[in-house]
Amino acid sequence: MKKTTSLLALLALTAPVLAQTDAGKRLITIEGAPRGDVRNGPLTFTGNPVKAKVSTLNIEASQAVLTAPKGTALIEAKGKRTTDFTGNVKVTRGRLTATGNALAYSEATGQGVLNGSASATFTPDKTDGDTVTIKAAQMSLDVDNDRSTSTGGVTLSNGTQSGKADKLVFDEQRELALLTGTPSLTRAARGSQKELIITGQEVRALTKTKTLYVRGGVKLVQGTTTTTGDAVYYDDRKNVAYVVGNAVSVDSKSKVTVKAPASGYLEQRTDLARVRALNSAYKIPTDQFKLTGEK
């Protein structure tokens, strides 16, 4: 039976183990017996599958190639090495599972960049929730903060909600999606409710509670009703949107226009196709929509 040795143990034969610092948490451990130059690299791991671990990230692939910077021995390059995973790449962390054709991981940045039909699913913590699915041209997984950044034709689905953007940051701890770059979010038609499309400069969605905060030239389109303003808070479960800042709603069929007073806001009931102006201040709970560590 062929003996399996972890790379970390292999390198520890010639150097002391690093202390568990933040940089140490970025070090990669790859299982298996590699081929190549043990001292200078690169080392090639193959398996069915190859298994690796970085902090809370678990990686599987058909092949992994560990490389040190040119002119530096592998053991001296800890914290600066790179690993290229290819073939049926799968990454898991808690309730997140991501897949793609290739993954490039850098110990220096703590980033694993997934390419080739990158896709990720985030499962609910209870049976009655909806699975969040993200697809993009590229997806970068951060080992320092349980966060992923997707770019290039990004799509998000969460039950009856679906989003599009140029860039999406997903905070697994907060279950928060931040969409930028011509973002839009669509709530599919259901029952007597017509499809609702919300656009703005920035869309923030709490996927567990199904609430949204959209800011910057926001527009809500539902049937013949178009509502605009500076920002909106939308609660999908309660079927209500609160639009603030120069809020105006126009029904192209009935020609009815509803404007919020300078000191007020618009309340739009998406289940009743009703918009009304309220002469009081409404404060959007923006703190709920901050990424972990964001000020």
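This report covers the confidence of the model, an annotated domain, the largest pocket and two single residues.

**Confidence**

The structure is a predicted model. Its mean pLDDT over the chain is 91, and 93% of the residues reach 70 or more. Residues 1-21 have a pLDDT below 50, although this stretch makes 31 contacts in the model beyond near neighbours in sequence. Where pLDDT is low, the predicted coordinates should not be read in detail.

**Annotated domain**

An unreviewed UniProt entry places the feature "domain: Organic solvent tolerance-like N-terminal" at residues 39-136. Over residues 39-136, strand accounts for 64% of the chain and helix for 0%. The C-alpha atoms at the two ends of this range are 37 Å apart.

**Largest pocket**

The largest pocket holds about 270 Å³ of space. Its lining is made up of 20 residues, and those closest to the pocket centre are Gln222, Thr225, Asp251, Ala273 and Arg274. Three elements, strand E18 (248-251), strand E20 (265-269) and strand E21 (274-278), each give two or more residues to this lining. The largest share, 3 residues, comes from E18. By residue type, the lining of the largest pocket divides into 10 polar, 5 charged and 5 nonpolar residues.

**Two residues compared**

Thr207 and Gly36 are set out below, with contacts to residues up to four places away in sequence left out.

| Residue | Location | Relative accessibility | Contacts |
|---|---|---|---|
| Thr207 | loop between strand E14 (202-206) and strand E15 (211-222) | 6% | Val132, Asn158, Phe170, Glu175 |
| Gly36 | strand E2 (residues 35-36) | 54% | Pro42, Leu43 |

Thr207 counts as buried because its relative accessibility of 6% is under the 20% cut-off. It sits in the loop that joins strands E14 and E15, and its contacts include Val132 and Phe170. One of the residues it touches, Val132, falls at a position within the annotated range 39-136.

Gly36 counts as exposed because its relative accessibility of 54% is over the 50% cut-off. Gly36 belongs to strand E2 and touches Pro42 and Leu43. From Gly36 to Val65 the separation is 29 residues in sequence, and their C-alpha atoms lie 9.7 Å apart in space.

Definitions and conventions. Residues numbered from 1 in each chain as written. Predicted model: local features only at pLDDT ≥ 70, side-chain atom pairs only at ≥ 80, totals over all residues. Heavy atoms only, no water. UniProt positions renumbered as here; feature names shortened; annotations may be inferred. Helix = DSSP H or I, 4+ residues; strand = E, 2+ residues; numbered from the N terminus. 1 Å grid on protein atoms, 1.4 Å probe; cavity = no way out; pocket = protein on both sides within 12 Å on 5 of 7 lines; lining within 4 Å. Points joined across faces, edges and corners; volume = space filled by probe spheres on them. Nonpolar A, V, L, I, M, F, W, Y, C, P; charged D, E, K, R; others polar. Buried < 20%, exposed > 50% of the residue type's maximum accessible area, 1.4 Å probe, protein only. Contact = heavy atoms within 4.5 Å. pLDDT = per-residue confidence, 0-100.
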